[in-house]
Amino acid sequence: MNKKVLKVFNLRGVSILDQLCFEELMLRTTADNCVVVNTDIAKDSIVLGFSGKPLELLNIQKVKKDNLQVIRRFTGGGTVVVDHSTVFASFVLNAGDVNSQPYPREIMKWTEEAVYAPAFADLAETKGADTEKFSLMENDYVWGDRKIGGNAQTITKNRWVHHTSFLWKFDPFRMGYLKLPSKRPAYRADRPHLEFLTEISTHLPEHRRDPTEFAKALHRQMASLFELQNGLTGMECNDQLPEAMLNEEFQELHARLKQETPTFVPRTFVVDDLPDEPAVSV
């Protein structure tokens, strides 16, 4: 059976706001299957799910004091702090082109079993080893019992997007922008952020700790499932990850696609009106 075509967008230095708007554009205005990998983003941000409530999730005063950008994305899921050490991976796919039903648990199971588990086994050089490893626990990607990535998705009639922010490394200071959420996975219990999270890079061999190695491992795994095509040039790229598309080149591509669909308005936006923390009575 012929493999379906998957367009590969290997990005570097593109803001998470622009990445999310691009994914939404691809989801809602095209029939293309796409994978997007983005590293080394230029602007630190906090990203809320579409129904996330800032007062319940953020330490508002700290966020305002540090003038951190807050974005509300078009998908559900939790709240994440992202910076240049975060690695992003997203799929925009036709529901009929993957071996999965278009429901959240089935999509997450497909990404675990068909995509990320083999990619991380390749990356960590642990194929067949009985060690702590990558898995899906409740709605999170974990290494052992510590979270390494949060994911979210939106499902339309015939298509879906599933995107993940992977904690390649993280700054413990930045976790202070987030409150302990009232709704949290059972496996987390009451663990604070720094006892609940772990950096992916610390679990990898030294020579595989650059985020580019993740992009290559993911590319190899996707080549086993799809016919890969460079998203910028349209050329076949099964054997080699395309050279990273930098921000200027990406902006030109994004602008051209937006011109083709002038009526499209993204549901991802910057939150400019954060509420104030309620006064504490004494």
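A pocket here is an open set of grid points, with protein on both sides within 12 Å along at least five of seven lines. In this predicted model, the largest pocket holds about 1200 Å³ of space. Two cavities of 30 Å³ or more also turn up, along with 16 salt bridges across the whole structure. Here's the rundown, starting with the pocket and ending with one of those salt bridges.

**The largest pocket**

- The lining of this pocket runs to 47 residues.
- If you want to find the middle of the pocket in the viewer, look for Arg73, Gly77, Gly78, Thr79 and Lys147, the lining residues that lie nearest its centre.
- Several elements each give at least two residues to the lining, and the helices among them are H1 (16-29), H2 (54-57) and H5 (193-196).
- Strands do their part too: S5 (80-82), S6 (86-94), S9 (146-155) and S10 (159-167) each supply at least two lining residues.
- S9 chips in with the largest share, six residues.
- Sorted by class, the pocket lining has 20 polar, 17 nonpolar and ten charged residues.

**The two cavities**

- The largest cavity has a volume of about 40 Å³.
- Its lining is made up of Val8, Val35, Val37, Ala215, Leu218, His219, Met222 and Leu241.
- Strand S2 (34-39) and helix H6 (211-223) are the elements that give two or more residues to that lining, and H6 has the largest share with four.
- By class, the largest cavity is lined by seven nonpolar residues and one polar residue, with no charged ones.
- The second largest cavity comes in at about 30 Å³.
- Around this second cavity sit Val81, Asp83, Thr86, Phe170, Asp171, Arg174 and Met175.
- The class count for the second largest cavity is three nonpolar, one polar and three charged residues.

**The four-strand sheet and helix H1**

- Strands in a sheet pair through backbone hydrogen bonds, and they can do so parallel or antiparallel.
- One open sheet has four strands in the order S5-S3-S4-S13, and its pairing is mixed.
- S5 and S13 (269-270) stand at the edges with a single partner strand each, so one side of each has no neighbour in the sheet.
- S4 (residues 69-72) and S13 run antiparallel and are joined by two bridges.
- In that pairing, Ile71 stands opposite Val270 of S13.
- Helix H1 lies across S3 (45-48), S4, S5 and S13, and runs at about 10 degrees to S4.
- H1 and S5 also show up in the pocket story, since each supplies at least two residues of the lining of the largest pocket.

**Strand S1 and its partners**

- S1 and S2 pair in the parallel sense, over six bridges.
- Val8 stands opposite Val35 in S2, and both of these valines also line the largest cavity.
- S1 runs parallel to S11 (residues 227-230) as well, with four bridges joining the two.
- Here Val5 stands opposite Glu227 of S11.

**A salt bridge to look at**

- Lys4 forms a salt bridge with Asp97, and the closest N and O atoms are 3.9 Å apart.
- Lys4 lies in the segment before S1 (5-12), while Asp97 is in the loop between S6 and helix H4 (104-124), so this pair ties together parts that are 93 residues apart in sequence.

Terms used:
Residues numbered from 1 in each chain as written. Predicted model: local features only at pLDDT ≥ 70, side-chain atom pairs only at ≥ 80, totals over all residues. Heavy atoms only, no water. 1 Å grid on protein atoms, 1.4 Å probe; cavity = no way out; pocket = protein on both sides within 12 Å on 5 of 7 lines; lining within 4 Å. Points joined across faces, edges and corners; volume = space filled by probe spheres on them. Nonpolar A, V, L, I, M, F, W, Y, C, P; charged D, E, K, R; others polar. Pairing = 2+ DSSP bridges. Contact = heavy atoms within 4.5 Å. Axes fitted to C-alpha atoms, helices over the stretch in contact; angles between N-to-C directions. Salt bridge = Lys/Arg side-chain N within 4 Å of Asp/Glu carboxyl O.
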